[in-house]
Amino acid sequence: MFKFSKILFFFIVFFHLSIKAQVNKGFKWVGGDNSFFSIDLKKGTITKETKKNEKIELGIIQDWDSLKKELPIDFDINVFEHKKKTLITVLGTGQLYELNLPKFTLNRLDKTFFRGYNFLASQFIRKDTLFSVGGEGFWQKNNLITFYNSKTLEWDLYKSKNKNPDPVNFRFSGYSNKYDKFFSAFIEADSILADKDVFLYDFSFKNKIWERKGRLNKEILNFTKKEYWSIWTGEYMILFRDYGYDNAILLDPFKNTFYHYDPLNDSFFMRDREVYYKNGHVVSRGIINTSGKNEELMVNIISVREMIRKSKHVGEVYETNENTSYYTISIILLIMIFGAGIFYRNKFVKKSESDFSDLELSVIKEIINNPLERKFTTLEINTLLDINKKSYDNQRQIRNRVISGINQKLYSFFDSKDFICRSPNI
C-alpha cells in the first residue's frame, strides 16, 4: 500500500531540478574499431554502423522471439569485452548475457529472478569477476556491493567490514585495477544547489574497508551544478559538458589531482555526439552536415595522455583538512539556506507542468484529490497506470519508474524524504 505527503505540495509540484539521467539506449554498443552495433528489439536484427556511416545488417539473433520476452520495456545495458567474450548486463534486472556475434547467439547466463534494485549502478570486472555497486530501485538508493557468482548463476552480496553512508551510482564512481580500489562520491542536485559538502569515499578490496578521503573540491561541485556527463577511464574521471569555458575537467581520485581541459575542437563535446572511452583514448562520434545536404560521420579521437598534457593542473580532488570549525560554518550555512529556500518557494510558485510525464501527473492528481489518510493498494496504482494486463515484472518496473520519477523531482522539498512511500499491507 502507498501513503502520500501533501505538505506545501502546491508550492513545489511544478518545480523540477534538471539533472542528466542515464539514457535508455536498448541494445547499442561500440565495437573495438569504433563501429556502432545495435539489435532491433522487435526483429532481433544486428546492425553495424561503420566509421564511414555505412549501415550493414549482419544477421538475426537466434531464438530472438523467446529472448525478448525476458526483457523490460525500457532498459539500458553495460557491455564488457573480457577474454574474447562479450558480456552484456541489463541494468535494473540482474540479467547477464554472453553475445557470440559470429554465431548470432545471445545466451543468458544468470538465473536471477529478483530485480529492480540496481538501476544506475556502477559495474566493472575485477579479477575475472563481474561486480555491481550501488544503484536505485523500489524508491531506495543503495551502496550494496554485489558480484556475479558463476557457480550459482546468481548475484551475491560482497561482504565488507564497514559501510559507506552515502548511496553509489555510475555518474561519479569507478574501479581502479592498479590500486584494486573503488571510489565514489554521491552528487545529487539538491545537495549541490544548497552548497552542501559532498565526500569522496574509496573501498579497498584488499582490506574490505570503506574509507572517507575528504570533502570534494568546491570547484568540482560548481561544475556539476549544470548538466554534465562523465566517463571513467580506469585512471581518470572525465566530467564534460557541451558549452562554456573549460568545459571538461579530469580527476585522478587516487593521486588526488584535478585538471582543467579546454579542447581545441569546439565540437568535441557537443550534446548530439557520442563521447566514450576506448583503449586509452576518448572518442567523439557524431553526424555532421556538409554543403547543407549530405551527412557525414565525424570521428575525433584524442588520447587521455594527450589530454592531461594539454590540461592545466588546478589542485586537489578532495580536501583532507576537516576540522571542528567546518561544522560550525555548516550549521550557519544550513540555516541561511533554509531561510532562502522558504523565500524562494513562496515567491516562485507557478512552474510548468511539462516537468512531469502524463503518467506522473495522473498519479499526482489522484493523490491530491483524495484525503490525506487515503492509502492506495498496488492494484489501484496498476489500474491508475492502466497496466493490469501487463506481466508482473513489467507492472513492477513501470510502477517503480513512475513513482521514482515523482520522488526524485520532489525529493529536495520534503527534507530528503520521499513524496510517495511504500508500506506493507498488514
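This passage describes the fold, charged pairs, buried residues, backbone outliers and cavities of a predicted model.

The protein chain contains nine helices and 27 strands. Of its 426 residues, 48% count as buried. Among contacts between residues at least 6 apart in sequence, 51% join residues at least 24 apart.

Side chains of opposite charge can pair when their charged atoms come close. In the model, 18 salt bridges are present. One of the 18 salt bridges is formed by the side chains of glutamate 49 and arginine 285, with an N to O distance of 4.0 Å. This pair links distant parts of the chain, since glutamate 49 belongs to strand S4 (residues 45-49) and arginine 285 to strand S23 (residues 281-290), 236 residues apart. Glutamate 49 has a relative accessible area of 18% and is therefore buried, the limit being under 20%. Arginine 285 likewise counts as buried because its relative accessibility is 5%.

A further salt bridge joins aspartate 202 and lysine 181, whose closest N and O atoms are 4.0 Å apart. The two residues again lie in distant parts of the chain: aspartate 202 is placed in strand S16 (residues 199-204) and lysine 181 in strand S15 (residues 181-185), with their positions 21 residues apart in the numbering. The partners fall into separate accessibility classes: aspartate 202, at 5% relative accessibility, counts as buried, whereas lysine 181, at 23%, counts as partly exposed.

The side chains of aspartate 195 and lysine 225 also meet in a salt bridge, at 3.0 Å from N to O. Here both partners are located in loops: aspartate 195 in the loop between helix H3 (189-193) and S16, and lysine 225 in the loop between helix H4 (218-223) and strand S18 (229-232). The pair, 30 residues apart, links distant parts of the chain. Aspartate 195 counts as partly exposed because its relative accessibility is 44%, and lysine 225 falls into the partly exposed class at 33%. Elsewhere, Lys181, Asp202, Glu211 and Lys213 are joined into one network by salt bridges that share partners.

Lysine 278, in strand S22 (residues 274-278), presents a case of a charged residue that is buried yet has no salt bridge. The nearest side chain of opposite charge is that of glutamate 81, 5.6 Å away. This separation lies beyond the criterion of within 4 Å, so the two residues are not paired in a salt bridge. A polar atom of the lysine 278 side chain does, however, lie 3.2 Å from the backbone oxygen of valine 30. With residues up to four places away in sequence not counted, lysine 278 touches Val30, Gly31, Gly32, Asn34 and Val283. Valine 30 thus appears both among these contacts and as the residue whose backbone oxygen lies 3.2 Å from the lysine side chain.

Threonine 105 is another residue found in a strand, namely S9 (residues 105-108). Because its relative accessibility is 15%, threonine 105 counts as buried. Its contacts, not counting residues up to four places away in sequence, are with Ile61, Gln62, Glu98, Leu99 and Asn100.

Positive phi values occur at aspartate 128 and lysine 208. Aspartate 128 has a phi of about 70° although it is not a glycine. This residue is placed in the loop between strand S10 (122-126) and strand S11 (129-137). For lysine 208, also a residue other than glycine, phi is near 60°. Lysine 208 lies in the loop between S16 and strand S17 (209-216). The relative accessibility of lysine 208 is 33%, so this residue counts as partly exposed.

With regard to internal voids, two cavities of 30 Å³ or more were counted. The largest cavity has a volume of about 40 Å³. Its lining consists of Gly116, Phe119, Phe138, Arg396, Gln397 and Asn400.

Notes
Residues are numbered from 1 along each chain as its sequence is written. This is a predicted model: local features need pLDDT of at least 70, side-chain atom pairs count only at pLDDT 80 or more; totals for chains, interfaces and linings use all residues. Side-chain values use heavy atoms; hydrogens and water are left out. Helices (H or I, at least four residues) and strands (E, at least two) are DSSP runs, numbered from the N terminus. Buried means under 20% relative accessible area, exposed over 50%, partly exposed in between (1.4 Å probe, protein chains only). Lys and Arg count as positive and Asp and Glu as negative; His and the chain ends are not counted. A polar contact is a pair of N or O atoms within 3.5 Å; within protein, one must be able to donate a hydrogen and the other to accept it, and residues adjacent in sequence count only if both atoms are side-chain atoms. Contact means heavy atoms within 4.5 Å. On a 1 Å grid over the protein atoms alone, a cavity is a set of points where a 1.4 Å probe fits but cannot get out, and a pocket is an open set with protein on both sides within 12 Å along at least five of seven lines; lining residues have an atom within 4 Å of a point. Grid points are joined across faces, edges and corners, and a volume is the space filled by probe spheres set on the points.
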